[in-house]
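Got the viewer open? Let's take a walk through this structure, one selection after another.

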Amino acid sequence: MKDADMTAPIDPLLQQRLAQLSGRRPGSALPPPTVAKSAPNRTTARTLPTKPGRRAKPARRAKLSALAISATTTLGLALAFAQDDTQTHASDALTLATVPVATPATTTPTTAPAAGPVAANVPTTTVVAALATPAGVADGTYVGATDSNRWGPVQVQAVYSGGQIVDVQILQYPTADRKSVSINQRALPALISEALSARSADVNTVSGATYTSKSYRVSLQSAIDAARSASGISG
Amino acid sequence: MWYLTRATGIVAALLAVATLVWGFFFSARNTGTRLRPNWWLALHNYLGGLTLVFIGLHMVVSFIDTNAGLGLIDLLIPSGAVGWRIGWGVLAFWLFAIVVLPSIGRVRRRLPRKAWHAVHLLAIPAIALTGVHAYQSGSDTASNYFTTGLALLIGISVYPITIRLLGIAQRRLATA
């Protein structure tokens, strides 16, 4: 009975070991050269059950945290940039509405639009469909204030005909270097097009031309305010 | 899209600096005893891969954004065609790719240690080029946040590099 209890298999490892020992009993033949083969199996059998997945993927939690933080930061920054841009729009409009512009916009009443000195190399947009603007704005070309940013000044003029904006022209834009010229030649047509679509100076920032976009909004808003003011429209 | 381009670029730069810092602390054996070396190494490798992923996102978003005016060639070949402010970023991307991709592809084990080390050190000029790219083309360079952040990142990067260099100097003095 005792012998039977002792040889009872407890786990596969023990069973394997007992089988090897039984092969070495006096009188029996030496164990076949399977020891070398069985050794790696024993090692594998021992390492596998201990905390599966722990060693295979170290720093798993830290990795997941890094991924989550990166994704959250990206989204947070994108939202913050968008919100900042919206606030800039609002503050620009507020400043122009409440405080007189330092460089007062000049009014050039004329029947023929697009008479102003348009900056070279910048294509102007010819409006196909006239846009609805506040009624009663006198026809003419209204020059906006110059807004200077770190790359240079930006100034636009708005052309009104039949009480509506029919064109927006660029009078000044940063041309100090080729890079600025290249950026603005790409950005300004997009800004003009967007302003005409939006029917206001509330245009989105063009990629890679954040400063020009901001200055464009300020100058165009100033031109629109000048047009309304010259036409006796308040508010 | 423009906001997303800026955000992915900033996060990629932060991840690159984090990878660098992790790597230098690890190589300087300055990681303490609380966590195992393989934990640090695994996280370092992962952060490197994540950096490349975010750089890829940054490039994809720039490509999709039609207002950015960047073509596939502009994003893959560093040149002055669209200005070197973009070119530095493209060059940094390739340097990061050279450093990170062999680790993923297990090429590292086939490379001699010295060659691997030389390749690995390319991460430092890559991060420097990233800084130049961010400064020259970034819309946020005039903001105080950007200036403060850049100064912090430079400080964070320089600290472990100094520790590592001091460690090398000490070992050389001890053996001399």
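Start by selecting chain B and colouring it by secondary structure: read along the sequence, its pattern goes α-α-α-α-α-α-α. That comes to seven helices and zero strands. Keep in mind as you look around that this is a predicted model.

**A quick look at chain A**

Now switch to chain A for a moment. What does its secondary structure come to? Chain A has six helices and five strands. Going from the N terminus, you meet the elements as α-α-α-α-β-β-β-β-β-α-α. As for burial, 28% of the 235 residues of chain A count as buried. In chain B, buried residues make up 36% of the 176 residues.

**Helix 1 of chain B**

Go back to chain B and select residues 2–27, which form helix 1. Try a distance check here: at 1.5 Å a residue, the 26 residues of helix 1 of chain B should span 38 Å, and the C-alpha atoms at its ends are indeed 38 Å apart, so the two agree. Is this helix mostly covered or mostly uncovered? Helix 1 of chain B is mostly covered, with 21 of its 26 residues buried.

Next, click on B:L14, which sits in helix 1 of chain B. With 18 other C-beta atoms within 10 Å, B:L14 is partly exposed, because a residue needs 20 or more to count as buried. While you're there, select B:L153 too. B:L14 and B:L153 lie 139 residues apart in sequence, yet in space they are 7.8 Å apart, C-alpha to C-alpha.

**Who crosses helix 1?**

Before you add some partners, here's a handy bit of background: two packed helices are described by the angle between their axes and the distance between the axes.

First partner: helix 2 of chain B, residues 37–64. The axes of helix 1 and helix 2 of chain B come within 8 Å and cross at roughly 160°. That makes helix 1 of chain B roughly antiparallel to helix 2 of chain B. Their crossing is left-handed. Which classes of residue are in this contact? Where helix 1 of chain B touches helix 2 of chain B, there are 17 nonpolar, ten polar and no charged residues.

Second partner: helix 7 of chain B, residues 144–175. The axes of helix 1 and helix 7 of chain B also come within 8 Å, but they cross at roughly 20°. Helix 1 of chain B is therefore roughly parallel to helix 7 of chain B. This crossing is left-handed.

Third partner: helix 6 of chain B, residues 123–137. The axes of helix 1 and helix 6 of chain B come within 11 Å and cross at roughly 155°, so these two helices are roughly antiparallel to each other. Helix 1 of chain B passes helix 6 of chain B in a left-handed crossing.

**Last stop: one side of helix 6**

Hide the rest and keep helix 6 of chain B. Its 15 residues should span 21 Å at 1.5 Å a residue, and its end C-alpha atoms are 21 Å apart, which agrees. Now pick out the buried residues of helix 6 of chain B: B:A123, B:A126, B:I127, B:L129, B:T130, B:H133, B:A134 and B:S137. Why do they end up on the same side of helix 6 of chain B? They cover an arc of only 160° around the axis, which puts them on the same side of helix 6 of chain B. A general point helps here: an α-helix has 3.6 residues a turn, so residues three or four places apart point the same way.

Technical notes:
Residues are numbered from 1 along each chain as its sequence is written. Chains are lettered from A and ligands numbered from 1 in the order in which they are written. This is a predicted model: local features need pLDDT of at least 70, side-chain atom pairs count only at pLDDT 80 or more; totals for chains, interfaces and linings use all residues. Axes are lines fitted to C-alpha atoms, for helices over the stretch in contact, and angles run from 0 to 180 degrees between N-to-C directions. Helices (H or I, at least four residues) and strands (E, at least two) are DSSP runs, numbered from the N terminus. Angles under 35 degrees count as roughly parallel, over 145 as roughly antiparallel, 65 to 115 as roughly perpendicular and the rest as oblique. A crossing is left-handed if the near helix is turned anticlockwise from the far one by less than a right angle, and right-handed if clockwise. Ala, Val, Leu, Ile, Met, Phe, Trp, Tyr, Cys and Pro count as nonpolar, Asp, Glu, Lys and Arg as charged, and the others, Gly among them, as polar. The expected span of a helix is 1.5 Å times one less than its number of residues. A residue is buried if 20 or more other C-beta atoms lie within 10 Å of its own, exposed if 12 or fewer, and partly exposed in between; C-beta atoms are placed from the backbone. The arc is that of the directions from the helix axis to the C-beta atoms.
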